[in-house]
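Reader: Could you go through this model with me? I have a few short questions about it.
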Amino acid sequence: MPEQVEVFPMTQQMLDQLSDAVLIIDQYGGIVAGNDTADEILGVSSAVGERIDQYLKCISLEESNQLTYITHVHKQMIEVTILHASEGDPYYFVKLVLVSKQMQEIREKLDTFATEHFKGTILYVKKNGDIIDADAYSTHMFLYSKQELTSLSIHNLFPQVFEKRQLTKKQVFHELQGVTKEGGLLFVELLQYDLNDTIGVCFLKDVTEQVTNKNRIEYLAYYDELTDLPNRYYFEYVLTEAIENNEEQQFIVVYMIDLDYFKEVNDILGYAVGDELIRLCALQLKKFLHVDTFIARMSGDKFVIMQIGMRNKRTVIEFAKKLIQAFKKPITINGYDIYTTVTIGISLFPHHGTTAENLIKHANSAMYESKNNQRNSYKIFESAISEKFQSTVTLESELRHAFKEDQLELHYQPQVDFKTNEIIGMEALLRWNHPEKGYIAPSEYIGIAEKTGFIIEIGEWVLYQACKQNKKWQDQGYKPITISVNLSAIQFHQKKFLQKVEHILDQTGLSPTYLELEITETMAMTNEKTVLHTLRELQNIGIPVSIDDFGTGYSSLKLLSLFPITKLKIDKIFMDQSHEENRMIVKSIIQLCHLLNLKVVAEGVETEEQFAFLKAEQCDQLQGYYFSKALPSEEVEQLLLKKNNKAN
């Protein structure tokens, strides 16, 4: 600014030494002196001789602190402080401060928490919320340009109630939901700072990711992600609340719902299809939601429903039947029509328990009891069920212990050729020799092993031991015979089943020709394409396959003609000669198999009469007590010696 004569109350030299931007104006608003810093803010080489209202909008020539705009710069807000030089003097000091330059100064002055924790800064007019300035973090967060953002109000960014009143404290902390230019929602931590009577400043931090993660954690704590249903923990909480608040002692009913054959769907069609089946079944159950009905996913393929205020057992049973009826139609997934049914166990408050834990446990026990007797049905809890369920749980635990402690063993029942009376094969049969209870019937534990999936581990052990024993007999010089091993559905349909069989043959050194695998009709008809592929692969390896218990499942000519099987075993129920129908069925099966070049084995042959009948009908092989019961390996060797089964 050019040299000026001394002007009261301050010389030009004194003005130039000031770090602040300062002007001196007269009583009419004319600028009579100023320093270079003031000229720089106003954007001119010298403002002397001009009126101050040419540069600043709506300026009042009174002592005050004012917030206004520079006239020729868009939205450039400036803080103006006017002070009278002295009483009776016609001159005023005018101090100019660009608002945008205040942001960094403010951050430096605030405590460490504000400067380190918060990332963005917005300045606004307290009176109406108009945004004065914003930094790059804030513009990026809300997806606006700086020019766009400074044309908005702070209330456009935060539609929630925002502090408009004059604050009695310098700092107020908020957690607000913000709105971006595109309408997206943000979660924002905000420190609102009362800079002065005119200007407010907001320090911001985008915490959307943290809040989203927190909400997700809270959601997963109470809800099942796949089905969007409440989970077990939430159900237990709601059931407990219902019991505690049940002042009128109304019926509270718990329905434990289990999908039938879900494990088979997983094993055969894969887990992706299984998950989709669970999701679609959940949608079906949601149709039963009502003000008095609470539905949750318990775990796996189990769902649970709580109802309050049911009038009597009849209405409870009616509801259970509606649930069963809802699953009559197939569910289509990836082109597969999946017929799934449900089995339901029911417990009632207060009859079957007064706590959530007992009601859930008893409904679960009733469900398993119903499943054991007849799937696609319901069962109301009875005290006898609990005792039986406890026995089952104990037996499962003992079975796992027995497997580790080598209590399981194989016995072998001979298969005899009708024409030569020679032993041509052995069926390996699992036995459990309990140290206290003695031999436990397979019917007591095989079903438990299948339900828990433990049958896979047991099945692999049986297959390995049977192959190992047969190779041992061959190495000892006995004539080579075939060893037959029963497969469970879970074992047969598991992934890499073929590789496991080949690996066991490699381990034991047994030729595939001397291993025979037995599957049931039901297994064969579960998924024809998959079964056919597996059977053909077994045929390529050289392993013969037989159909066990023929006539008790889905007997089908298609099964006999399509599948590459070598042998068919007639179930022992047809050995009852007191029914003429049985004799006719056995005759027909033998004739049909011979026409198809299949061998026939009759199981459960116990009497001379049965033996004579089967021999007359030209049955190929027999198996049963008539010849020998199942024996441990040591006794089998004695039998082989007796029957002269030593190789020459």
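Author: Glu398 is a good place to begin: with a relative accessible area of 23%, Glu398 is partly exposed (buried means under 20% relative accessible area, exposed over 50%, and partly exposed in between, with a 1.4 Å probe and protein chains only). Please keep in mind that this is a predicted model, in which local features need pLDDT of at least 70 and side-chain atom pairs count only at pLDDT 80 or more, while totals for chains, interfaces and linings use all residues. Residues are numbered from 1 along each chain as its sequence is written, and side-chain values use heavy atoms, with hydrogens and water left out.

Reader: OK, and which side chain does Glu398 meet in a salt bridge?
Author: The partner is Lys437, at 3.2 Å from N to O, where a salt bridge is a side-chain nitrogen of Lys or Arg within 4 Å of a carboxyl oxygen of Asp or Glu. Glu398 lies in helix α14 and Lys437 in the loop between β19 (423-434) and β20 (438-440), so the pair ties together parts that are 39 residues apart in sequence. Helices (H or I, at least four residues) and strands (E, at least two) are DSSP runs, numbered from the N terminus.

Reader: How many salt bridges does the structure hold?
Author: The structure holds 21 of them. In one, the side chains of Glu518 and Lys569 meet at 2.8 Å, N to O; Glu518 lies in strand β22 (residues 515-520) and Lys569 in strand β24 (residues 567-570), so this pair ties together parts that are 51 residues apart in sequence. Salt bridges that share partners join Glu518 and Lys569 with Glu427 and Glu603 into one network.

Reader: Is Lys569 buried or exposed?
Author: Lys569 is buried, with a relative accessible area of 0%, and Glu518 is buried as well, at 1%.

Reader: What about Lys146 and Asp133?
Author: Their side chains meet in a salt bridge of 3.0 Å, N to O. Lys146 lies in helix α6 (residues 146-149) and Asp133 in strand β7 (residues 131-134), so the pair ties together parts that are 13 residues apart in sequence. Lys146 counts as partly exposed, at 44% relative accessibility, whereas Asp133 counts as buried, at 4%.

Reader: Switching topic, where is Gln407, and what is in contact with it?
Author: Gln407 sits in the loop between α14 (383-404) and β18 (408-417), and it counts as buried because its relative accessibility is 12%. Leaving aside neighbours within four places in sequence, the residues in contact with Gln407 (heavy atoms within 4.5 Å) include His401, Arg431, Trp432 and Pro435.

Reader: Which backbone angles should I look at?
Author: One is the peptide bond from Phe349 to Pro350, which is cis, with omega near 5 degrees; Pro350 is in the loop between β16 (342-349) and α13 (356-373). Asn334, although not a glycine, has a positive phi of about 55 degrees, and Asn421, also not a glycine, has a positive phi of about 65 degrees. Most residues other than glycine have a negative phi, and most peptide bonds are trans.

Reader: Where do those two Asn residues sit?
Author: Asn334 is found in the loop between β14 (331-333) and β15 (336-338) and is exposed, with a relative accessible area of 65%. Asn421 is in the loop between β18 and β19 and counts as partly exposed, at 39% relative accessibility.
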